[in-house]
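Here is a friendly walk through one protein model, written for someone who likes to know how each value was obtained. Have a look at the sequence and the structure, then read on.

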Amino acid sequence: MAPGRAAAYMAASTLLAMTQGFGMNLVAANIPQLQGPFGATSSEAVWLMAAYMAPNASLSLALIKIRNQYGLRPFAELGIAVFLLVSVGHIFITDLHSAIVLRFFAGIAAAPLSSLGFLYMLEAFSPARKLTVGISLALTNIGLAAPLTRLVSPGLIDLGGVRALLHLELALSMLSFAAIYLLPLAPPPRAKVIEKLDIVSYLFIAIGFGAGAVILVTGRSYWWMEARWIGELLVVMIGALTIAAVLELNREKPLIDLRWLVSREMLHFAGVLVLFRLLLAEQTAVAGNFFQIMGLQNDQLTGLYGIVALATLAGGLLCAVIMKPSREPGIHMVALMLVAAGAWLDSRASNLTRPEQMYFSQAMIAAGGSLFLPPAIASGFTMALRKGPQYILSFIVVFLVTQSLGGLAGSALFGSVITLREKFHSNILAQSLTLTDPLVAARVSQLSAAYGHTITDPALLKAEGVVLLGQQVTREANVLAHNDAFFLIAVLALAAAAMLAIHMLYIRIREARARSGEQAAVEG
């Protein structure tokens, strides 16, 4: 392919990745800003995320077979046309309920864009470089979407409120629409691959994944054991996935090869992806939530997200340069150590910590994330190809589940840890605060002095001081809880690095024994 045309395909891939990523991160990055226009509480606003993720978590599985049977170009054109129509519909939303319905259809419409972003980037490279440079750049584009969404959102909201965000989403979808029509992908051969039982199996998988996505998004807001419907959704998820598994295990040509998915190699591969997706919640959930608790808004975090975006880009470009089939363990070790070091630095935060103090640590974590995924995906894809083309779909299922549901699980897990640890630290701090303590009494008087000109009743003035002191205790408890989460992530990353080192040592010992055995056989 000519360099100019290859550059055009790479630009189209970046555009598609940004379009899909902006739509997916639009709500997560602007929950407080969306509450006002829609008249929603924070618990109600998370349903915008849940509605998007419920269909999106599984739809790519069905789209792969649809693309193989009906052709890549019709698939691409129809997919972007539907996304464009849904983006236009966003302009007319007036309340939370209509927004939730449209976000559901946006989740459906955006599902083709992620795979199209991959395919356009791979199209620009020769077969020898598709699984090295191509996959590194494609995953870098996906990683850039989240920080760039948070980077541009404050300026857009200042210009036109929430509607400016929706206008940008519409503009990106129109540009993507033009790019797909101007730059067609090379059509692979069509084949009749869809069977009737595929539809039945997929419906149960979609119900199970959708229920799981809703649980993970809303569970922390409504709390896991408090809302009855969360338990009911969990039963639906388990039942649907169980039925899907029974159907697939008794089929001659299953949609997903479950026996291969539970093999030692695939369980190891899935465990690696899930673990690292959980670790990356440090950046997407814990650090962002920490600054929100400190009272900072997105416009005060643009410098931090700019650094994160640059570090993500640098890590992805470095991975594209150094990635080779034999280097995966070394690259993974560097990535894990970067995440561990960054999380450990963040674990020393205080109520005076501001974004500038986390530039270096967050850059390390962003670079680690960009370095880790491409080698893991390339090795898993190679493993699936060795088994046969029919195993590609099963591999993609593992990747999608670990990335979509794994990301939601990371946010839910560490968000819940922070909530529980905040209650623990609040109780410990409150137990040591009594008004008979001269230091505590002096602090209450100091805090209440600001209201001395407006509140003349000494009892009310003292009560106001106690309330203000309680707010400070809650803030300090939140800081300590976030530090616990940062430290837990650092420990998990170090533990993963230690297990990787043991695995690398085991492989080297086994290879050395094999070589010595071969040498002894030759000499004998």
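What should the 21 residues of helix α13 (residues 302-322) span at 1.5 Å a residue, and how far apart are its end C-alpha atoms? The expected span is 30 Å, and the end C-alpha atoms are 30 Å apart, which agrees. The expected span of a helix is 1.5 Å times one less than its number of residues. Helices here are DSSP runs (H or I, at least four residues), numbered from the N terminus.

Before going further, a word on the source: this is a predicted model, in which local features need pLDDT of at least 70, side-chain atom pairs count only at pLDDT 80 or more, and totals for chains, interfaces and linings use all residues. Residues are numbered from 1 along each chain as its sequence is written, and side-chain values use heavy atoms, with hydrogens and water left out.

**Helices and their buried residues**

The table sets α13 beside two other helices.

| Helix | Residues in helix | Expected span | End-to-end C-alpha distance |
|---|---|---|---|
| α13 | 21 residues | 30 Å | 30 Å |
| α11 | 16 residues | 22 Å | 22 Å |
| α7 | 21 residues | 30 Å | 31 Å |

Buried means under 20% relative accessible area, exposed means over 50%, and partly exposed lies in between (1.4 Å probe, protein chains only). The buried residues of α13 include L304, Y305, G306, V308 and A309. Farther along α13, T312, G315, G316 and C319 are also among the buried residues. Their cover includes α6 (127-160), α12 (281-293) and α15 (359-387). In α11, the buried residues are M266, F269, A270, L273, F276, L278 and L279. Helix α7 buries E169 and S173 as well as residues including V162, L165, L166, A179 and I180.

**The core and Y120**

In soluble globular proteins, nonpolar side chains tend to be buried together. The largest nonpolar core of this model has 128 residues, and F38, Y120, F269, F276, L336 and I377 touch the most other members. Such a core is a set of buried Ala, Val, Leu, Ile, Met, Phe, Trp, Tyr and Cys residues joined through side-chain atoms within 4.5 Å.

Contact means heavy atoms within 4.5 Å. Leaving aside neighbours within four places in sequence, Y120 is in contact with Y9, A12, S13, L16, A179, I180, L183, P184 and L185. Two of these partners, L183 and P184, are also touched by R5, with residues up to four places away in sequence not counted. R5 sits in helix α1 and is partly exposed, with a relative accessible area of 41%. The C-alpha atoms of R5 and L183 are 8.9 Å apart in space, although the two are 178 residues apart in sequence.

**Cavities and a pocket**

How many cavities of 30 Å³ or more does the structure hold? There are two, and the largest has a volume of about 100 Å³. On a 1 Å grid over the protein atoms alone, a cavity is a set of points where a 1.4 Å probe fits but cannot get out; a pocket is an open set with protein on both sides within 12 Å along at least five of seven lines, and lining residues have an atom within 4 Å of a point. Grid points are joined across faces, edges and corners, and a volume is the space filled by probe spheres set on the points.

The lining of the largest cavity includes F38, H90, R103, V162, L165 and L166. Helices α1 (3-29), α2 (31-38), α5 (96-123) and α7 (162-182) each give two or more residues to that lining, and α7 gives the most, with three.

The second largest pocket has a volume of about 1300 Å³. Of its 37 lining residues, H268, E328, P329, S379 and H503 are the closest to its centre. Helix α18 supplies the largest share of this lining, 10 residues.

**A few single residues**

W223 is not a glycine, yet it has a positive phi of about 65°. W223 lies in the loop between α8 (196-222) and α9 (228-249) and is partly exposed at 23% relative accessible area. L59, in helix α3 (residues 42-70), is buried at 15%. Beyond residues up to four places away in sequence, L59 touches I108, A111 and Y202.
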